[in-house]
Amino acid sequence: MRILVCVKQVPDPQKVRMEETTKRIDRRGDSMISPFDLYALEGVKTLRDAGVQVHATAVTMGPAQAVTALHDSYASGADDCLLLSDEAFAGADLRKTALVLQKAIEKMEEKDGPFDAIFCGAKSIDGGNSMLPAYLAQLLGRSHAAYALGCRMTGDGEALEILKENDLGNQVYRVPFPCVVSFTKNSQEPTYPLIERIITASSMDVPVLNAGDIFGDQQIPQAQTAVDSFEYRDMRRGSLIVNDKDQEEGARKLAKMLYDAHVL
């Protein structure tokens, strides 16, 4: 079974800054792999633990430093990685990102055969629109399941069973191959990678595809949206903090604060 895992390198949420001239997120500072992508990688591990033979490729689109997200992906179980990087991809919105990924996936499948499934995080913590997996599935013409808590292979090997949560409880959906699945946070934290894979990942060379490799002589998609203005918000403003050594007294204070704020 071949799985492509789409991951993203995002800024440290405590240190996000914007570029004044371009009005884009400054991606030169501290960064990390988007946390929801780790649940997509955990989906690969779940299938392997169930005895499914899986080859997982991690892919990301971003500047050169985005390779660290791929190193993290390899450490967390990916078999190989690919970086899509070109100045022409800078400032991509949802539409442009999806179209670049679509074309890159089609190139990869022409070379090495189709992917049975494409796994994504439910959202990235810098954009957070949760729409990319569905958009990508539509462009590729594949079945789609969103906000999966977990997955397993069906008995006939022709689909995935996806565990989802709704207002009535948990339900299981059958999603036939080829498919796109986005994963959300569940009760099981992602497995910490083995130290051997972390060491190997830190020095591995990751192949890069640029705009010419992906689009050739075709026109590169252009972003249809742009940031007009922005302002920073003090995330600490309006915080309610209870610091009391007596837990019962602290609980009473917290309950009163919540009641006064009309939360309770």
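A salt bridge is a side-chain nitrogen of Lys or Arg within 4 Å of a carboxyl oxygen of Asp or Glu. With that in mind, D93 makes a good starting point in this predicted model. The residue is buried, yet D93 has no salt bridge. The nearest side chain of opposite charge belongs to R95, 5.8 Å away; because a salt bridge needs the two atoms within 4 Å, that pair does not qualify.

What, then, surrounds D93? Along the chain, D93 sits in the loop between β5 (80-84) and α3 (94-112). Once neighbours within four places in sequence are left aside, D93 is in contact with A223, Q224 and T225. With T225 there is also a polar approach: a polar atom of the D93 side chain lies 3.0 Å from the backbone nitrogen of T225. This buried aspartate thus has a backbone nitrogen beside its side chain, while a salt bridge is absent.

The wider picture helps to place these details. The protein chain is built with 7 helices and 12 strands. Of its 264 residues, 39% are buried. Contacts that reach across the sequence are well represented: among those between residues at least 6 apart, 66% join residues at least 24 apart. On the outside, the protein chain exposes about 15,500 Å², and carbon and sulfur atoms supply 50% of this area.

One part of that outside is a nonpolar patch on the surface, formed by Y259, V263 and L264. Together these residues have about 370 Å² of accessible area. V263 is found in the segment after α7 (247-260). Its relative accessible area is 57%, and V263 therefore counts as exposed, since the cut-off for that class is over 50%.

Two features of the backbone also deserve a look. Most residues other than glycine have a negative phi, and most peptide bonds are trans. Against this background, Y147 stands out with a positive phi of about 55°, although it is not a glycine. Y147 lies in strand β7 (residues 143-148). The side of the class limits on which Y147 falls is easy to follow: its relative accessibility is 39%, so Y147 is partly exposed, between the limits of 20% and 50%.

The second feature concerns a peptide bond. From F177 to P178 the bond is cis, with omega near -10°. P178 has its place in the loop between β10 (169-176) and β11 (179-183).

Terms used: Residues numbered from 1 in each chain as written. Predicted model: local features only at pLDDT ≥ 70, side-chain atom pairs only at ≥ 80, totals over all residues. Heavy atoms only, no water. Patch = residues over 30% accessible without salt bridge, like charges linked within 9 Å, V, L, I, M, F, W, Y side chains within 5 Å. Areas by Shrake-Rupley, 256 points an atom, 1.4 Å probe, with all protein chains shown as cover. Helix = DSSP H or I, 4+ residues; strand = E, 2+ residues; numbered from the N terminus. Buried < 20%, exposed > 50% of the residue type's maximum accessible area, 1.4 Å probe, protein only. Lys, Arg positive; Asp, Glu negative; His and termini not counted. Polar contact = N/O pair within 3.5 Å; in protein donor to acceptor, adjacent residues only side chain to side chain. Contact = heavy atoms within 4.5 Å.
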